[in-house]
Amino acid sequence: IFEKTNCAGVMIARASVGQPWLFQKLYSESNKKTFEEPEVEHVGKIFLEHIEQLQSFENEKLAVLQSRKLAKYYARKIKDPINFVSEIQSAKNIKTIADLTKKYFSQNPT
């Protein structure tokens with residue numbers, strides 16, 4: 001691809017926030033390989049893992065604050081992103097975030 005455009009590289013920026021698989025997708029497509037987007041439930045698991053990793057580097061309070069910023073990016077493909085983000089905004093701890101994520105990212109909500 002780069003030889004056709006004389007492009008030395010690309011910059012992804014915020015497009016990858018909430019889509020950490022984007023790099024693999026671009027690599028696969030540039031090599032004419034198929035790529036399957038992760039299922040919604042898996043995206044929820046990735047979001048929780050992201051928040052848990054933040055907690056391990058910082059602390060719960062800072063991870064919760066970061067989750068409020070990240071929620072809208074991970075919620076791009078769920079059925080009710082506005083309410084998910086709104087509820088995450090009022091979450092006070094990781095357990096609440098986990099419960100909300102399971103609720104909204106479940107393929108079969110109860």
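A residue counts as buried when its relative accessible area is under 20%, as exposed when that area is over 50%, and as partly exposed in between. All views below are of a predicted model.

**View 1. Lys-25 and Glu-37 form a salt bridge.** The closest N and O atoms of Lys-25 and Glu-37 are 2.8 Å apart. Lys-25 belongs to helix α2 and Glu-37 to the loop between α2 and α3, so this salt bridge ties together parts that are twelve residues apart in sequence. Glu-37 has a relative accessible area of 28% and is therefore partly exposed. Lys-25 is also assigned as partly exposed, because its relative accessibility is 24%.

**View 2. Lys-103 and Glu-87 are joined by a salt bridge between their side chains.** The N to O distance is 3.6 Å, which falls inside the 4 Å limit for a salt bridge. Since Lys-103 sits in helix α6 and Glu-87 in helix α5, the pair ties together parts that are 16 residues apart in sequence. Lys-103 is partly exposed because its relative accessibility is 47%. With a relative accessible area of 28%, Glu-87 is likewise partly exposed.

**View 3. A salt bridge within helix α6 links Asp-99 and Lys-95.** Here the N to O distance is 2.9 Å. The two residues are four apart in α6, about one turn of the helix. At 39% relative accessibility Asp-99 is partly exposed, whereas Lys-95, at 56%, is exposed. Elsewhere, salt bridges with shared partners connect Lys-25, Glu-37 and Lys-77 in one network. The model has four salt bridges.

**View 4. Phe-47 and Tyr-74 are one of four aromatic pairs.** Their ring centres are 5.1 Å apart and their ring planes lie at 50°, so the pair is classed as tilted. Phe-47 is in helix α3 and Tyr-74 in helix α4 (residues 60–74), so the contact ties together parts that are 27 residues apart in sequence. Phe-47 has a relative accessible area of 0% and is therefore buried. Tyr-74 is buried as well, because its relative accessible area is 4%.

**View 5. Phe-84 and Phe-105 pair edge-to-face.** A separation of 5.2 Å between the ring centres makes these residues a pair, and the 85° between their planes makes that pair edge-to-face, since planes over 60 degrees apart are classed in this way. Phe-84 comes from helix α5 (residues 81–89) and Phe-105 from helix α6 (residues 94–105), so the pair ties together parts that are 21 residues apart in sequence. Both phenylalanines are buried. Phe-84 and Phe-105 also belong to one aromatic cluster, whose other members are Phe-47, Tyr-74 and Tyr-104.

**View 6. Helix α6 has buried residues on one side.** The buried residues of α6 are Ile-94, Ile-97, Ala-98, Leu-100, Thr-101, Tyr-104 and Phe-105. They are on the same side of the helix because they cover an arc of only 165° around its axis. The elements that cover these buried residues include α3, α4 and α5. On the face of α6 turned away from the buried side are the exposed residues Lys-95 and Lys-102.

**View 7. Asn-93 caps the N-terminal end of helix α6.** A side-chain oxygen of Asn-93 lies 3.3 Å from the backbone nitrogen of Lys-95. Along the helix that follows, the end C-alpha atoms are 16 Å apart; the twelve residues of α6 should span 16 Å at 1.5 Å a residue, so the two values agree.

**View 8. Ala-13 and Lys-32 have positive phi values, although neither is a glycine.** For Ala-13 the angle is about 60°. This alanine occurs in the loop between α1 (2–5) and α2 (22–30). For Lys-32, phi is near 55°. Lys-32 is part of the loop between α2 and α3 (40–57). Lys-32 is exposed because its relative accessibility is 75%.

Notes:
Residues numbered from 1 in each chain as written. Predicted model: local features only at pLDDT ≥ 70, side-chain atom pairs only at ≥ 80, totals over all residues. Heavy atoms only, no water. Buried < 20%, exposed > 50% of the residue type's maximum accessible area, 1.4 Å probe, protein only. Phe/Tyr/Trp six-rings, centres within 6.5 Å; stacked < 30°, edge-to-face > 60°. Expected span 1.5 Å × (residues − 1). Arc of directions from axis to C-beta. Contact = heavy atoms within 4.5 Å. Polar contact = N/O pair within 3.5 Å; in protein donor to acceptor, adjacent residues only side chain to side chain.
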